[in-house]
Structures are given as C-alpha cells and as structure tokens.
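Here are a few short exercises on charged side chains and their partners. Keep the model open beside you and try each task before reading its solution.

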Amino acid sequence: MTRAGLDKEPRDVARMFDTVARRYDLTNDVLSMGQDRRWRRRVVELVDPQPGERILDLAAGTGTSSEPFREAGATVVPCDFSLGMLQEGRRRFPHLPFVAGDGMRLPFADASFDAVTISFGLRNIHDPVQGLSELLRVTRPGGRIVVCEFSTPTWEPFDALYSNYLMRALPSIARRTSSNPESYVYLAESIRAWPDQKGLALRMVEAGWGRVEWHNLSGGIVALHHSVRP
C-alpha cells in the first residue's frame with residue numbers, strides 16, 4: 001500500500017493517487033454522501049465559464065471536474081501530477097486535453113488562462129503558497145481563481161463530530177470502496193492540518209491575489225475561495 005505523509009513529498013503523493021485512480025470518483029461520492037456533486041456544481045457557477053475562454057483545472061484527477069467547463073463552451077485544460085489519474089481520465093474523457101504538470105512549476109506560459117481553479121488539490125501541493133503564485137502567473141490580468149478545499153466547520157459541536165468522522169469512519173468506509181484505503185488516512189490527517197477559511201484567504205493574498213472572498217458549503221466542511229488577479 002502507498003500512503004503519503006504530511007510532509008507532502010510530491011513523488012509519494014503522486015504515487016498514492018496513482019493507486020486510487022480507478023475508483024477515486026466512486027469513493028469520493030460515497031465518503032461525501034453525494035455532496036461532492038453539489039460542490040462541483042458550485043465551483044462551475046463561481047468560475048462562470050464563458051464560450052471561448054481558456055480555463056485551467058489544476059489537480060483535475062480523472063477529469064470529472066473539467067467536463068462541465070467544456071460543456072459550457074470554454075476550452076478547459078485538465079492538469080494533474082498523477083499519471084495514474086491522467087491515464088484513467090483519458091480513458092473516460094478522450095476528448096479532453098489532459099496535461100501532466102507539477103503545481104509548483106506549471107508547464108504553461110504567463111497569462112495563458114482566463115480563469116484557473118483547483119478542487120481538493122491545493123492541500124497536496126508541497127508549498128501551497130508557491131502553487132497559488134504559479135496559478136497567479138498563468139492567469140491573465142483581471143482573470144479569476146476559484147479554490148475548492150476542505151475547511152473548518154463553523155459550528156463547534158459539529159466540528160467535533162466531523163473530526164471523529166474523519167479520523168475513524170472515513171478510513172473504515174474507504175476500506176470497502178478504495179483500491180488503497182491507507183491513502184484515506186493521509187486524506188483525513190491532511191484535512192485536519194489544513195488552515196481554516198481565513199488562513200487560506202491570507203495565503204492567497206500572500207501569493208499575490210487581490211481581495212479574497214469565501215463561501216462555506218455543508219456547514220464549512222468545504223469552502224470556496226475566489227479572487228481576481230490584479
């Protein structure tokens with residue numbers, strides 16, 4: 001079994017995602033009790049893709065998050081550092097132009113995209129601030145970013161229940177649905193170690209983005225942070 005540590009060595013994280021690619025979307029659907037579909041729809045609404053725009057979907061995995069942008073008429077580029085995810089994505093969505101890329105050294109020119117987005121992947125980049133700076137670099141002036149990431153529940157009693165679910169129930173459920181359940185122990189630990197809503201907003205500002213706003217989903221389990229490049 002492959003499991004990355006919280007030091008987030010890129011090769012370890014990539015290998016871990018390689019091992020879960022085939023059943024990744026199914027496992028996420030089960031673990032989130034179907035809420036991940038609503039979260040993805042809200043990302044698309046906030047990005048607001050327009051026909052003819054170029055959109056980067058970083059940490060796109062199998063491309064499930066990318067397809068709605070194409071359906072809206074935009075040109076979407078799914079990018080991921082897991083070759084296993086890319087292979088599965090190309091099998092499912094052969095019409096999407098998948099690109100292998102490291103979030104800290106994106107293989108794109110400056111100001112290449114009208115909008116950039118990353119869902120549940122910023123946490124896995126070795127240096128998230130550098131990753132956000134790279135997303136800024138490849139976004140045109142006036143372009144926009146939407147970050148969808150796990151966050152901190154806003155109601156304290158619920159936060160305690162959520163922590164118990166993450167550390168106990170989540171790995172147990174993953175053992176029934178995932179090809180590598182150990183990877184979901186890393187997932188749970190990385191969520192608990194991640195900054196809260198304000199903490200992520202401050203990191204985005206540090207990376208050079210303009211005013212950052214966020215919206216809580218599912219009681220703060222997930223937050224959508226968005227901004228515009230100055």
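A friendly note before you begin: this model is predicted. It holds 12 salt bridges, and the exercises below look at some of them.

**Exercise 1.** Find where E45 and R42 sit relative to each other in helix 3, and decide whether E45 is buried or exposed.

*Solution.* Start with the contact: a salt bridge joins the side chains of R42 and E45, with N to O at 2.9 Å. Next, place the pair: both lie in helix 3 (residues 35-47), and because they are 3 residues apart, about one helical turn separates them. Then check accessibility. E45 has 51% relative accessibility, and since exposed means over 50%, E45 counts as exposed. R42, at 24%, is partly exposed.

**Exercise 2.** Work out which parts of the chain the salt bridge between D110 and R137 links.

*Solution.* First, the contact itself: the two side chains meet at 2.8 Å, N to O, in a salt bridge. This pair connects distant parts of the chain, 27 residues apart: D110 is in the loop between strand 3 (99-100) and strand 4 (113-119), while R137 belongs to helix 6 (residues 128-137). Now the surroundings: D110 is exposed at 53% relative accessibility, whereas R137 is partly exposed at 25%.

**Exercise 3.** Describe the salt bridge between R211 and E213, then say which residues are joined into one network.

*Solution.* The closest N and O atoms of R211 and E213 are 3.3 Å apart. R211 is exposed, with a relative accessible area of 71%, and E213 is partly exposed at 32%. As for the network, salt bridges with shared partners join E88, R91 and R92.

How values were computed: Residues numbered from 1 in each chain as written. Predicted model: local features only at pLDDT ≥ 70, side-chain atom pairs only at ≥ 80, totals over all residues. Heavy atoms only, no water. Salt bridge = Lys/Arg side-chain N within 4 Å of Asp/Glu carboxyl O. Helix = DSSP H or I, 4+ residues; strand = E, 2+ residues; numbered from the N terminus. Buried < 20%, exposed > 50% of the residue type's maximum accessible area, 1.4 Å probe, protein only.
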